[in-house]
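Visitor: I'd like to learn how to read a few features here, one at a time. Could you take me through them?

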2 protein chains.
Amino acid sequence: MVEQRDGVGPRTRRATLRDVGALAGVSFKTVSRVVNGEPGVSDELAERVREAARQLNYRPNHTASVLRKRDGRSMSIGLIVEDVVNPFFAAIHRGLEAAAMDGGYSVLTGSVLDSTTRERELVETFSARRVDGLVVSPNDDLVETLALERRNGVVVVYIDRLPGRLDADAVVSDNRAGARAGVEHLLASGHRRVAMVGDTHTIHTAEERYLGYVEAHAAHGVPLDQTLQARDVHGGDAGTEAAGRILDLADPPTALFTAQNMLTVGAVRALRARGLEHEVALVGFDDFLLSDLLDPPVTVVAQDPDQIGRIAAERLMARIEGDMSPPQVHVVPTTLLPRGSGELPLAAGG
Amino acid sequence: MVEQRDGVGPRTRRATLRDVGALAGVSFKTVSRVVNGEPGVSDELAERVREAARQLNYRPNHTASVLRKRDGRSMSIGLIVEDVVNPFFAAIHRGLEAAAMDGGYSVLTGSVLDSTTRERELVETFSARRVDGLVVSPNDDLVETLALERRNGVVVVYIDRLPGRLDADAVVSDNRAGARAGVEHLLASGHRRVAMVGDTHTIHTAEERYLGYVEAHAAHGVPLDQTLQARDVHGGDAGTEAAGRILDLADPPTALFTAQNMLTVGAVRALRARGLEHEVALVGFDDFLLSDLLDPPVTVVAQDPDQIGRIAAERLMARIEGDMSPPQVHVVPTTLLPRGSGELPLAAGG
DNA sequence: ATGAAAGCGCTAACAT
DNA sequence: ATGTTAGCGCTTTCAT
């Protein structure tokens with residue numbers, strides 16, 4: 001018998017295949033067959049087994065099953081992101097979870113929070129828990145850590161960024177084209193002094209967006225002005241400061257291109273502080289909640305994080321199930337959403 | 001030997017305790033001792049074992065270890081929320097994860113997305129994976145499903161809402177006091193016609209916030225006006241519509257109290273559409289990103305979701321580790337953040 | 001200080 | 001159609 005106890009307290013013994021078999025008067029292997037829907041059990045026995053399972057509130061022990069199974073797949077994947085609170089990663093999380101669920105996989109999540117120690121811990125914890133695959137934003141340290149796990153058969157898919165050497169599938173936004181489209185949008189309406197505030201240049205994503213900014217200028221034959229470029233700016237507060245510094249120049253820009261979410265918000269604050277939000281145009285990379293409710297509504301180059309998460313899950317599952325084709329980069333298109341801040345009339349003096 | 005293979009493809013065989021033992025020339029039990037930091041291994045052997053483990057890139061199989069262990073704890077907990085993209089739940093997720101990590105627990109997450117089927121699936125999947133505990137927002141269906149798992153020893157902590165019968169720990173915001181404070185803030189500055197837009201009344205949280213609204217009126221001796229109350233409003237669009245209907249009344253309110261995140265945003269849209277954002281005051285329950293950048297900045301009653309997640313994790317871990325005290329409700333205080341929309345001067349005609 | 005044997009709950013392989 | 005045996009990688013228990 002299985003002893004059970006109510007209340008808030010901790011575990012009691014759970015029913016096993018054997019317990020169910022004993023109650024139903026069959027061998028535990030028959031129970032296993034019923035539970036897994038295998039053929040070769042008479043309807044009558046099967047019903048008796050199911051009834052016994054119900055009575056004992058039986059739940060298959062997934063981990064024991066994985067341990068014994070030939071392929072040893074745990075049907076779980078790990079998602080390691082910088083911060084689950086960041087809406088971009090939260091949306092990736094949701095897309096990934098939806099696709100994973102469709103494939104029968106569960107999702108473990110972890111936030112790195114800028115700690116490389118924590119990042120390594122997460123990889124090791126997830127590996128010890130025998131996830132079949134990991135979805136991560138690569139950095140040089142991490143790629144090295146992952147190499148070890150991958151030799152153990154853990155499959156990896158990169159998101160958001162590309163690693164130095166493409167040794168696995170990656171799913172990224174079309175950062176360069178998106179940035180270029182955003183900046184060209186400004187140049188096309190006559191702006192000639194378009195400043196850029198960008199994230200840490202060692203981040204692949206940031207570099208690509210910068211190249212988009214450069215390409216747009218080249219395409220329009222507009223020379224670049226170093227004084228209008230702030231790079232290696234990380235976080236909202238730094239964004240406010242960097243944008244402010246540029247706006248305060250003797251020869252200020254007529255438009256801003258901010259290459260990341262938080263930087264865009266930072267720039268909005270800097271513009272507000274100077275009462276320039278209707279004077280200086282703004283295009284941001286990556287959409288954010290309520291961008292359309294600000295005054296003026298913020299024009300952005302929107303990514304599709306849900307889609308990134310979905311595709312990452314699909315690639316990962318395909319790899320887990322044996323796809324051995326060469327690593328691919330999946331580029332997810334971006335969308336320019338003109339809302340107002342990027343379409344301000346160019347002041348006569350500009 | 002352990003065969004290994006590089007590349008993007010799926011699993012190769014992983015090294016086990018036996019493999020490491022074979023390479024180090026000791027029994028696998030000695031390896032187990034070293035890996036788990038148990039005493040009774042000479043320094044020399046221990047070093048040899050560690051070297052062998054490194055060479056073979058050994059990772060303990062956490063799931064096998066759990067299976068055999070006396071207490072059978074998996075050191076993992078499941079978080080089931082409505083939607084990981086919702087910033088409120090995302091913040092809970094982060095707080096929970098931080099506390100769980102400190103306790104050595106991993107976190108499985110799932111979004112319910114308004115599907116009771118999915119909710120039940122998640123509970124069963126997580127139970128089959130032998131999570132030690134679950135953190136969930138209760139509803140009547142779910143509480144019933146959970147009862148079964150709890151008899152199997154899965155510990156439960158409720159967040160955000162209270163269940164009908166308090167049969168486990170719960171961590172919730174001080175919804176009633178928060179709502180009351182928000183509404184009193186309006187009444188205290190002279191408003192006498194304060195409308196309310198609230199979520200589905202069967203949700204405990206929504207009901208509590210409504211009671212706070214009622215209490216505030218009673219405390220100020222202001223009679224309630226049914227025509228100013230829209231309840232059972234779910235989601236941003238419905239919020240816009242409901243707020244709009246009230247604003248269009250012959251005898252409209254001078255202030256709005258919106259009892260939920262998305263409803264607040266909906267109300268902002270309704271006010272904007274009528275050019276009333278500087279005429280009709282607004283206080284919302286639950287803070288949201290960029291609320292301070294809107295025009296006017298939105299006054300809110302802020303919750304502390306990170307703290308809710310943290311406390312939930314701590315309660316859960318305590319229960320898992322044997323705390324048998326009666327179920328408790330942990331009430332997390334809210335904070336009124338006056339930003340502008342709740343402090344508009346009351347129009348003379350109001 | 002080290003190791004051998006048993007067994008956690010399950011599936012695989014092989015009886016009957 | 002049903003059952004028996006072995007063993008996944010590990011911890012427990014007991015022996016040396």
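Guide: Let's start with A:P296, which sits in the loop between β9 (281-285) and β10 of chain A (helices, H or I, of at least four residues and strands, E, of at least two are DSSP runs, numbered from the N terminus). This is a predicted model, where local features need pLDDT of at least 70, side-chain atom pairs count only at pLDDT 80 or more, and totals for chains, interfaces and linings use all residues. Residues are numbered from 1 along each chain as its sequence is written, chains are lettered from A and ligands numbered from 1 in the order written, and side-chain values use heavy atoms, leaving out hydrogens and water.

Visitor: What kind of peptide bond joins A:D295 and A:P296?

Guide: Most residues other than glycine have a negative phi, and most peptide bonds are trans. The A:D295 to A:P296 bond is cis, with omega about -5°. B:D295 and B:P296 are also joined by a cis bond, omega about -5°.

Visitor: Which phi value does B:D160 have?

Guide: B:D160 has a positive phi of about 70°, though it is not a glycine. Its place is in the loop between β4 (155-159) and β5 (169-173) of chain B. B:D160 is buried, at 9% relative accessible area (buried is under 20%, exposed over 50%, partly exposed in between, with a 1.4 Å probe and protein chains only).

Visitor: Now the nonpolar core: which residues touch the most other members?

Guide: In soluble globular proteins, nonpolar side chains tend to be buried together. A nonpolar core here is a set of buried Ala, Val, Leu, Ile, Met, Phe, Trp, Tyr and Cys residues joined through side-chain atoms within 4.5 Å. The largest has 50 residues, and A:L256, A:L294, B:L256 and B:L294 touch the most other members. A second, separate core of 34 residues includes A:V136 and B:V112. Back in the largest core, B:L294 touches residues including A:L290, A:L293 and B:F288, not counting those up to four places away in sequence (contact means heavy atoms within 4.5 Å).

Visitor: And what rotation superposes chain A on chain B?

Guide: Two copies of a chain are related by a rotation about an axis and a shift along it. Here the rotation is 180° with 0.0 Å of shift, RMSD 0.1 Å (least squares on C-alpha atoms of residues with pLDDT of at least 70 in both). The two copies are thus related as by a two-fold rotation axis. In chain A, the C-alpha nearest the axis belongs to A:L108, 2.3 Å from it.
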